[in-house]
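Work through the two exercises below with the sequence and the structure at hand. Each task is followed by a solution in steps.

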Amino acid sequence: MVDRSPAVVVASDDPLLLEELVRHLEDVPRWSLVGSARTAPDLRDLVAMHRPDAALVSPGLLDLLDAGNWATSGVRLVVVAPDEKPHVLRRSLDLGASAFVLWPGERTLL
């Protein structure tokens with residue numbers, strides 16, 4: 001049996017953060033980056049098309065995601081944020097996030 005790298009998509013409305021995440025994930029051999037998005041609709045399309053294991057999403061897109069649809073997607077949500085703002089943490093919990101990573105301070109956790 002061949003082990004496969006977990007497939008991941010990244011999404012951020014911040015182009016600089018998106019570029020940093022993509023560059024970082026391309027250097028992490030245990031992840032297989034299958035796509036990136038700058039909007040919530042593009043993220044939904046990527047998830048539907050690739051059925052990734054995880055999605056790394058910045059806070060700017062969290063309010064645009066539907067909690068019910070996200071919970072049934074089977075995709076682990078990892079929120080990547082520069083700080084721990086209470087409303088972002090609450091929304092992350094509402095969406096059932098599997099992890100919350102401070103960027104760039106905790107990027108090695110990915």
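**Exercise 1.** Decide how far strand 4 is enclosed, and identify the strands it pairs with.

*Solution.* The model is predicted.

Step 1. Strand 4 covers residues 76-81, and five of its six residues are buried. Buried means under 20% relative accessible area. Strand 4 is therefore largely enclosed by the rest of the structure.

Step 2. Look for the pairing with strand 3 (residues 54-57): four bridges join it to strand 4, and the two run parallel. Within this pairing, A55 stands opposite L77 of strand 4.

Step 3. Strand 5 (residues 99-102) is also parallel to strand 4, with four bridges between them. Here V80 stands opposite V101 of strand 5.

Step 4. Follow the chain through helix 5 (residues 86-94): together with strand 4 and strand 5, this helix makes a right-handed β-α-β unit.

**Exercise 2.** Find the buried residues of helix 2 (residues 40-50), state how they are arranged, and describe the two ends of the helix.

*Solution.*

Step 1. The buried residues in helix 2 are A40, L43, L46 and V47.

Step 2. Viewed down the axis of helix 2, its buried residues fall within an arc of 115°, so they line one face of the helix.

Step 3. The cover over these buried residues includes strand 1 (7-11), strand 2 (32-37), strand 3, helix 3 (59-62) and helix 4 (67-73).

Step 4. At the N-terminal end, T39 caps helix 2, with a side-chain oxygen 3.1 Å from the backbone nitrogen of D42. Just after helix 2, R51 has a positive phi of about 45°.

How values were computed
Residues numbered from 1 in each chain as written. Predicted model: local features only at pLDDT ≥ 70, side-chain atom pairs only at ≥ 80, totals over all residues. Heavy atoms only, no water. Buried < 20%, exposed > 50% of the residue type's maximum accessible area, 1.4 Å probe, protein only. Pairing = 2+ DSSP bridges. Right-handed = clockwise from strand over helix to strand, strands pointing away. Arc of directions from axis to C-beta. Contact = heavy atoms within 4.5 Å. Polar contact = N/O pair within 3.5 Å; in protein donor to acceptor, adjacent residues only side chain to side chain.
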